[in-house]
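Here are some short exercises to work through with a structure viewer open. Try each task yourself before you read its solution.

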Amino acid sequence: MAAAMASQGERAVLEEEFKWLLQEEVHAVLRQLQDILKEASHRFALPTSGSGGAFKQENFVLSTSSTDQVKGVMTLQGDALCQADVNLKMPRNNQLLHFAFREDKQWKLQQIQDARNHVNQAIYLLMNRDVNYQFKTGLEVLKLMDAVMLQLSRARNRLTTPATLTLPEIASSGLTKMFTPALPPDILVNFYINLNKLCLTVYQLHVLQPSTAKNFKPAGGSVLHNPGATFEFGSQRYEVSHVHKVECVVPWLNDALVFFTVSLQLCQQLKDKISVFSSYWNYRPY
C-alpha cells in the first residue's frame, strides 16, 4: 500500500512538472528561438540605417593563395551581386582579360534568398504559438519542433550544399550575358555560396575536333567540374582545359550558420525533455 501511494505521489509530481514544462518552459524556449532567428533574418537583410529598408552594399575581394590567374571584386547587396569585376590571366599567353557586370544587371544568389525564406517560415511557425497559446500535449510540442527544425535544416542546407549544374546549364545561364565586354566562347563562369563563402569558378575551354570526339562522353552535374570534363553546347563540343576557383568569407553568412546550429540544438533539447516523461512508468503525455 505504501509503495502504491509513493508511486501515486511520484506520478503527481511528474504530472505537475510536465504541466509546468508545457505552460512555462516551452514558451520560454519559443521566445529564445524567435530572438535568435530574428537575428539570423537580420543578417540576411542587412538594412542600412535610415534608408527605408534598402540593403547595404558590401565589397569582397575574391582570391586564392595558390594562384593569381583569377582575381575579382564583388559587391554583394542582400541576396544579389550588383557589381562584379573579374581579371583573368590566360595561361597560354599571359594575356590579361577584364570583365565586369553591365550597369543594368544584378545576379540573384538563389541560395541566400531561399535560406532567408526558410528562416522567415520558421519564425512564422513560432509566432503562431504566442505566449497566450496553451499547449495541451507533448506531441503538439514535438510536431512544432519538427516543423521548425525542418525549415532550419533546409535553410542551412541551402548554404552548405551548392547546386550541382551541368556545363551546358552553366553555359546557358543568364550569368554569361551579364558581362561587358561579353565573355568569349571559351570562358564559363559560375557564382555560388558554399558554407560561409562566396565562390567564383572560371572554366577555360578548348574546342574538341570531330576526329577526337568518337569517344565523347559528356560530364554530368557537379558543383565543381575538373579539367578534362567534356560537354556539348549548341553544335560544338568542348573540353575543360583549366579551372580557377576563388572565394572569400562573408562574415554574416558565418553568423547565420551559427544561429542555425544553436537553434537546432535548442529545438532538440526541448524535444528530449518532452520525451523524458514517456520513459517513467510508461507515462505518455502525448
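The exercises below look at one strand residue, some aromatic rings and two backbone details.

This is a predicted model, in which local features need pLDDT of at least 70 and side-chain atom pairs count only at pLDDT 80 or more, while totals for chains, interfaces and linings use all residues. Residues are numbered from 1 along each chain as its sequence is written, and side-chain values use heavy atoms, with hydrogens and water left out.

**Exercise 1.** Describe the surroundings of threonine 75.

*Solution.* Start with the backbone: threonine 75 belongs to strand β2, residues 70-77 (strands are DSSP runs of E, at least two residues, numbered from the N terminus). Next, take its accessibility: threonine 75 counts as buried because its relative accessibility is 3% (buried means under 20% relative accessible area, exposed over 50%, partly exposed in between, with a 1.4 Å probe and protein chains only). Then list the neighbours: leaving out residues up to four places away in sequence, threonine 75 touches Gln57, Glu58, Asn59, Ala80, Leu81, Cys82 and Gln83 (contact means heavy atoms within 4.5 Å). Finally, look at asparagine 59, whose side chain makes a polar contact of 2.6 Å with the side chain of threonine 75 (a pair of N or O atoms within 3.5 Å; within protein, one must be able to donate a hydrogen and the other to accept it, and residues adjacent in sequence count only if both atoms are side-chain atoms).

**Exercise 2.** How are the rings of phenylalanine 231 and tyrosine 238 arranged, stacked or edge-to-face?

*Solution.* Begin with the rule: rings of Phe, Tyr and Trp (its six-membered ring) pair if their centres lie within 6.5 Å, and planes under 30 degrees apart count as stacked, over 60 as edge-to-face and the rest as tilted. This rule gives 6 aromatic pairs. One of them, tyrosine 133 with phenylalanine 135, is edge-to-face, at 5.0 Å centre to centre and 75 degrees between the planes. Now turn to phenylalanine 231 and tyrosine 238: their ring centres are 5.3 Å apart and their planes at 20 degrees, so this pair is stacked. Check burial last: phenylalanine 231 is buried at 2%, and tyrosine 238 is buried at 12%.

**Exercise 3.** Find what is notable about the backbone at proline 181 and leucine 195.

*Solution.* First, the background: most residues other than glycine have a negative phi, and most peptide bonds are trans. Threonine 180 and proline 181, however, are joined by a cis peptide bond, with omega about -5 degrees. Leucine 195 is not a glycine, yet its phi is positive, about 60 degrees.

Technical notes
Helices (H or I, at least four residues) and strands (E, at least two) are DSSP runs, numbered from the N terminus.
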